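Colleague: Please take a close look at the aromatic pairing in this model, and then follow the chain outward from there to the strands, the core and the charged side chains.

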Amino acid sequence: MIRPAAGARFAPGDAVQVRDMEKEGHIRTPDYAKGKPGWIAKVLGAFPNPECLAYGGDGLPERPLYKVGFRQADLWDGYDGSPEDALFIDIYEHWLHPRECGGEEKRP
């Protein structure tokens with residue numbers, strides 16, 4: 001059951017950056033996205049934290065989950081595809097922080 005993400009910190013269109021941190025164990029944030037700039041495409045709801053569930057915990061409190069968009073050129077060095085090419089990744093709020101807008105910004 002998808003529950004609304006009450007108290008979600010971000011809204012669609014917000015500029016964010018993925019935290020560049022090391023964490024042992026099961027995480028749902030891909031290494032290639034760490035430290036990269038993106039934007040909130042959609043708030044998906046609130047869900048139990050899978051980093052806790054993986055080790056038998058209850059996953060509480062639930063965490064807001066977002067669909068985050070990234071320009072492919074920001075993810076891959078030397079990317080030679082269209083500047084409009086984007087990749088979307090579902091990322092939990094605790095892996096994101098606000099980003100100051102600067103340079104080219106992709107928003108829906």
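**Aromatic pairs and their surroundings**

Modeller: In this predicted model, the count of aromatic pairs comes to 3. One of them is formed by F10 and Y66, whose ring centres lie 5.6 Å apart and whose planes meet at 70°, so the pair is edge-to-face, the label used for angles over 60 degrees. Because F10 sits in the segment before β1 whereas Y66 belongs to strand β3, this pair ties together parts of the chain that are 56 residues apart in sequence. F10 and Y66 are both buried. Another pair, Y32 with W76, is tilted, with 4.9 Å from centre to centre and 35° between the planes. This second pair also links distant parts of the chain, since Y32 lies in the loop between β1 and β2 and W76 in the loop between α2 (72-75) and β4, 44 residues apart. Y32, at 34% relative accessibility, counts as partly exposed because that value falls between the limits of 20% and 50%, and W76, at 33%, is partly exposed as well.

From the edge-to-face pair one can move to L96, which touches both F10 and Y66. Beyond four places in sequence, the contacts of L96 also include R9, V16, Q17, V18, R19, I40, V68 and I91. L96 is itself among the residues with the most contacts inside the largest nonpolar core, together with I40, V68, F70 and I91, and this core has 13 residues. At least two of its residues come from each of β1, β3 (63-71) and β4 (86-92), and β3 gives the most, with 3 residues.

The strand pairing gives these contacts a framework. Strand β1 (residues 15-18) runs antiparallel to strand β2 (residues 37-47) and is joined to it by 3 bridges; within that pairing A15 has W39 as its bridge partner, while Q17 stands opposite P37. β1 is also joined by 3 bridges to strand β5 (residues 96-98), again in the antiparallel sense, and there V16 is partnered by P98. Strand β1 thus has paired strands in both β2 and β5. β2 in turn pairs with β3, antiparallel and over 7 bridges, and in this pairing K42 stands opposite K67.

K67 leads on to the charged side chains. Side chains of opposite charge can pair when their charged atoms come close. The structure holds 3 salt bridges, and in one of them K67 meets D90, the closest N and O atoms being 3.5 Å apart. This salt bridge links distant parts of the chain, with K67 in strand β3 and D90 in strand β4, 23 residues apart. K67 has a relative accessibility of 29% and so counts as partly exposed, and D90, at 36%, is likewise partly exposed.

In another salt bridge the side chains of K34 and D31 meet, at 2.9 Å from N to O. Here the two partners fall into opposite classes: K34 counts as buried because its relative accessibility of 10% is under 20%, whereas D31, at 58%, is over 50% and therefore exposed. D74 and R71 also form a salt bridge, with their closest N and O atoms 2.9 Å apart. In that pair R71 counts as buried, at 14% relative accessibility, and D74 as partly exposed, at 24%.

D90, already met as the salt-bridge partner of K67, is also in contact with R28. R28 lies in the loop between β1 and β2, the loop that also holds Y32 of the tilted aromatic pair. Leaving aside neighbours within four places in sequence, R28 is in contact with P50 and E51 in addition to D90. The C-alpha atoms of R28 and I91 are separated by 7.2 Å, although these two residues are 63 residues apart along the chain. R28 is partly exposed, with a relative accessible area of 48%, and I91 is one of the core residues named above.

Technical notes. Residues are numbered from 1 along each chain as its sequence is written. This is a predicted model: local features need pLDDT of at least 70, side-chain atom pairs count only at pLDDT 80 or more; totals for chains, interfaces and linings use all residues. Side-chain values use heavy atoms; hydrogens and water are left out. Two strands pair if DSSP finds at least two bridges between them. Helices (H or I, at least four residues) and strands (E, at least two) are DSSP runs, numbered from the N terminus. A nonpolar core is a set of buried Ala, Val, Leu, Ile, Met, Phe, Trp, Tyr and Cys residues joined through side-chain atoms within 4.5 Å. Buried means under 20% relative accessible area, exposed over 50%, partly exposed in between (1.4 Å probe, protein chains only). Contact means heavy atoms within 4.5 Å. Rings of Phe, Tyr and Trp (its six-membered ring) pair if their centres lie within 6.5 Å; planes under 30 degrees apart count as stacked, over 60 as edge-to-face and the rest as tilted. A salt bridge is a side-chain nitrogen of Lys or Arg within 4 Å of a carboxyl oxygen of Asp or Glu.
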